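Student: I've got a model open and I'd like a close look at a single part of it. Could you walk me through one helix and whatever sits around it?

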Amino acid sequence: MTKPPTRKSLLQDGDKPVRSRPRKPRDPTQPNLPLDPMPARIEPCLALLKSKPPKGDGWFFEIKWDGYRLSVHIEPTGIRILTRGGHDWTHRFPAIKQAAMWLPVGTAILDGEAVVLDEQGRPDFGLLQQSFGGRGGDKTSSDAILFAFDLLYFDGHDLTRMDLSERRHILEDLMEGAAGAIRLSEELEADGDQLLASACEHGLEGIIAKRRDAPYRSGRLGDWLKIKCVQSDSFFIVGWEKSTAARGQIGSLLLAARKGDDLVYVGSVGTGFKERDTAQLRELMDRITRKTPPLPYTGARRNVVWLQPTLIAEIEYRAWTDDGKMRHASYKGLRDFQDNAAVYEIEP
């Protein structure tokens with residue numbers, strides 16, 4: 001099992017010092033609360049996309065981790081690791097499972113993001129996919145680590161009705177000294193605009209802002225916000241264009257977003273592929289070909305192989321054109337179906 005290297009804060013430098021909020025000792029006097037039944041699953045709280053960080057003391061910030069959203073259930077009968085869609089991926093994260101067994105708690109539900117770090121200590125979605133050996137199957141990742149950012153259940157008590165600041169206090173105590181495959185996603189004390197600029201300078205995807213006084217509410221209700229350095233979203237692959245330079249190779253992928261109950265063509269991506277990506281993609285796409293486009297298409301591309309819209313790609317891009325196409329798109333990897341990735345939706 002590969003142990004991740006220890007590292008300094010990703011956003012630590014001399015010009016823009018960023019530090020975690022100092023941890024205060026928790027009051028040992030605990031209320032005599034009745035035990036709450038442990039839920040089998042809690043629908044995750046999701047971040048709402050915003051263009052700028054919020055202002056005011058009612059918010060704090062974290063790094064936006066680029067990986068798979070997971071909930072880790074520490075139960076009397078063992079460990080369960082669930083994806084955002086509720087699929088059991090315990091077998092795919094042996095290092096995280098082992099680290100969860102070592103935590104000093106009887107029962108708990110941790111909310112966090114599984115990532116693989118590059119040589120500079122930055123999360124890299126492509127490396128995470130490689131650690132699985134590709135999309136699908138039962139490949140495991142011993143390189144993935146979980147950055148825990150919330151605690152929803154703790155030793156018989158449901159914490160979701162508590163303020164985030166209170167939940168974080170308990171989580172910080174639980175994670176004190178942790179340095180293995182489960183780590184604390186640090187609360188960062190800084191101005192939001194400066195922090196976003198620092199995150200972008202360090203090549204990170206962006207930051208997350210969270211209301212200190214908010215309970216844990218499932219869905220995308222605005223208690224959590226995401227502010228990105230570059231856009232990164234999930235799209236259906238609806239076709240692929242053969243390369244004119246190399247026989248049998250992929251020239252570009254044709255992509256679609258949702259618009260109500262329909263699919264809308266949003267452009268193509270022809271960069272970001274690694275040799276391993278193309279071989280895997282061809283194998284998967286050859287199984288789902290079709291004779292006609294799965295959506296309205298009036299483009300002039302030739303040599304297009306149309307596909308059933310079942311594969312979901314994570315795409316990084318800079319902006320949108322006036323006619324609704326992505327600009328400067330780059331392929332990051334395939335999403336697993338069980339990850340329940342939200343395909344980009346265009347407002348009707």
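What covers the buried residues of α4?

Tutor: Sure, and keep in mind as we go that this is a predicted model. The cover on the buried residues of α4 includes four strands: β3 (59-63), β10 (188-189), β11 (206-211) and β12 (224-228).

Let's start with the helix itself. α4 spans residues 192-201, and its buried residues are G192, L195, L196, S198 and A199. Look down the axis of α4 and those buried residues fall within an arc of 160 degrees, so they line one face of the helix. The general background is simple: an α-helix has 3.6 residues a turn, so residues three or four places apart point the same way.

Both ends of α4 are worth a zoom. At its start, D191 has a side-chain oxygen within 3.1 Å of the backbone nitrogen of D193. Beyond the other end, α4 is followed by G203, and the phi of G203 is positive, near 75 degrees.

Now go to the strands that do the covering. β3 is mostly covered itself, with five of its five residues buried. Its side chains split two ways: W59, F61 and I63 point to one side, F60 and E62 to the other, and all are buried. That fits the usual rule that in a regular strand the side chains alternate between the two faces of the sheet. β3 also pairs with β11, in the antiparallel sense and over five bridges. If you want one pair to click on, take E62, whose bridge partner in β11 is I208. So two of the strands named in the cover of α4, β3 and β11, are also paired with each other.

For a second helix to set beside α4, try α1, residues 94-102, where A95, I96, A99 and A100 are the buried residues. They take up an arc of only 135 degrees around the axis, which puts them on the same side of α1. What they pack against is β4, β5, β6 (108-115), β7 (145-154) and β9 (182-184). Within that set, β4 (residues 68-75) and β5 (residues 78-83) run antiparallel and are joined by six bridges. They form a hairpin, with two residues between them. One bridge to look up there is V72 in β4, partnered by I81 in β5.

There's also a buried acidic side chain you may want to inspect. E314 is in strand β18 (residues 312-317), and at 5% relative accessibility it counts as buried. The side chain of E314 makes a polar contact of 2.9 Å with the side chain of S232 and another, of 2.6 Å, with the side chain of S234. Leaving aside residues up to four places away in sequence, E314 touches a list that includes F125, D233, Y331, K332 and R335.

Finally, the whole chain for context. It has five helices and 21 strands, and 49% of its 348 residues count as buried. Of the contacts between residues at least 6 apart in sequence, 70% join residues at least 24 apart. The chain exposes about 17300 Å², with carbon and sulfur atoms supplying 48% of that. On confidence, the pLDDT averages 86, and 87% of the residues score at least 70. Residues 1-8 are where the pLDDT is below 50, and that stretch has 14 contacts in the model beyond near neighbours in sequence.

How values were computed:
Residues are numbered from 1 along each chain as its sequence is written. This is a predicted model: local features need pLDDT of at least 70, side-chain atom pairs count only at pLDDT 80 or more; totals for chains, interfaces and linings use all residues. Side-chain values use heavy atoms; hydrogens and water are left out. Buried means under 20% relative accessible area, exposed over 50%, partly exposed in between (1.4 Å probe, protein chains only). The arc is that of the directions from the helix axis to the C-beta atoms. Contact means heavy atoms within 4.5 Å. A polar contact is a pair of N or O atoms within 3.5 Å; within protein, one must be able to donate a hydrogen and the other to accept it, and residues adjacent in sequence count only if both atoms are side-chain atoms. Two strands pair if DSSP finds at least two bridges between them. pLDDT is the predictor's confidence in each residue, from 0 to 100. Accessible areas come from the Shrake-Rupley method with a 1.4 Å probe; for residues, only the protein chains shown count as cover.
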